[in-house]
Amino acid sequence: MDRPGFTASLVAGGVAGVCVDLILFPLDTIKTRLQSPQGFNKAGGFRGIYAGVPSTAIGSFPNAAAFFITYEYVKWFLHSDSSPYLMPVKHMLAASAGEVIPFSLVQFPLWESLKALWSWRQDHVVDSWQSAVCGAFAGGFAAAVTTPLDVAKTRIMLAKAGSSTASGNVLSALHGVWRTQGLSGLFAGVLPRMAAISLGGFIFLGAYDQTRSFLLGLGGERP
């Protein structure tokens with residue numbers, strides 16, 4: 001079992017986090033306003049969509065760096081010669097160790113599986129741009145299936161103090177959306193969310209792989 005380049009993962013994760021936040025922060029603001037119970041225009045529309053970008057980008061470096069070094073370490077720690085069918089489970093465990101959210105539990109095992117499939121089909125490890133494409137597909141799929149949870153989170157954040165929604169009960173928030181708006185309410189903003197996160201997956205995971213490969217190459221290590 002080879003020791004991975006933890007320093008490269010740390011730096012590459014931070015760089016990837018900054019890149020994706022600088023580009024996608026405005027789109028996330030638009031998505032949040034689309035999901036607002038007030039409606040898009042009353043929630044602010046297109047006004048001030050770049051407000052807070054610099055501070056968010058600066059804060060994302062340590063967060064993304066911590067996630068990826070944890071993710072790579074847990075993958076390395078759990079590495080064995082067991083059945084390849086168990087690999088998605090290991091990737092889920094690694095993703096949950098880095099960030100315990102349903103989105104990561106879907107995105108990262110799918111990303112790793114798509115990379116493994118593409119590597120097998122072309123008989124060599126995927127390039128960084130191919131990893132980015134896999135990241136886009138994985139991100140888009142994860143974004144679609146977790147949209148109801150994102151809607152519930154948005155409603156809880158925007159709820160008036162003292163209301164039942166503001167209590168933070170996700171199931172209650174989901175039930176409220178279903179009762180008043182049905183399926184379309186649960187998947188409000190799904191297309192912008194999929195587009196933004198697909199682009200985010202392309203940038204985030206592509207930048208991570210490219211930066212990590214570059215740093216490992218400088219150190220004379222294998223990616």
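**Exercise 1. State how confident the predictor is in this model, and where the confidence is lowest and highest.**

Solution. The protein chain of this predicted model has an average pLDDT of 81, and 82% of the residues score at least 70. Among the elements of the chain, the lowest mean pLDDT, 62, belongs to helix H3 (residues 87-98). The highest, 94, belongs to helix H5 (residues 128-145). Where pLDDT is low, the predicted coordinates should not be read in detail.

**Exercise 2. Determine whether the end-to-end distance of helix H2 agrees or disagrees with its expected span.**

Solution. Step one: helix H2 covers residues 53-77, which is 25 residues. Step two: the rise is 1.5 Å a residue, and the expected span is this rise times one less than the number of residues, so helix H2 should span 36 Å. Step three: the C-alpha atoms at its ends are 35 Å apart, which agrees with the expectation.

**Exercise 3. Locate the kink in H2 and name residues of this helix that are buried.**

Solution. The kink, of about 30 degrees, is at Ser60, shortly before the proline Pro62. Ser60 is also one of the buried residues of H2. Others in that list include Val53, Ala57, Ala64, Phe67, Phe68 and Tyr71.

**Exercise 4. Describe the pair formed by Phe67 and Phe108, and explain which parts of the chain it ties together.**

Solution. The structure holds 12 aromatic pairs. In the pair of Phe67 and Phe108, the ring centres are 5.0 Å apart and the planes make an angle of 55 degrees, so the pair counts as tilted, the class between 30 and 60 degrees. Phe67 belongs to helix H2 and Phe108 to helix H4 (residues 102-122), so the pair ties together parts 41 residues apart in sequence. The cut-off for burial is under 20% relative accessible area. Phe67, at 6% relative accessibility, is therefore buried, and so is Phe108, at 2%.

**Exercise 5. Repeat the analysis for Phe68 and Phe204.**

Solution. This aromatic pair is also tilted, with 5.2 Å from centre to centre and 50 degrees between the planes. Phe68 lies in helix H2 and Phe204 in helix H8 (residues 190-218), so that distant parts of the chain, 136 residues apart, are linked. Phe68 counts as buried because its relative accessibility is 0%; Phe204 is buried with a relative accessible area of 16%.

**Exercise 6. Name the aromatic cluster that contains these rings, and the charged group over one of its members.**

Solution. One aromatic cluster is formed by Phe67, Phe68, Tyr71, Phe108, Trp111, Phe204 and Tyr208. Over the ring of Trp111 sits the charged end of Lys115, 3.8 Å from the ring centre.

Key. Residues numbered from 1 in each chain as written. Predicted model: local features only at pLDDT ≥ 70, side-chain atom pairs only at ≥ 80, totals over all residues. Heavy atoms only, no water. Helix = DSSP H or I, 4+ residues; strand = E, 2+ residues; numbered from the N terminus. Bend = angle between axes of the 7 residues up to and from the residue. Buried < 20%, exposed > 50% of the residue type's maximum accessible area, 1.4 Å probe, protein only. pLDDT = per-residue confidence, 0-100. Phe/Tyr/Trp six-rings, centres within 6.5 Å; stacked < 30°, edge-to-face > 60°. Lys NZ or Arg CZ within 6 Å of the ring centre and 35° of its normal.
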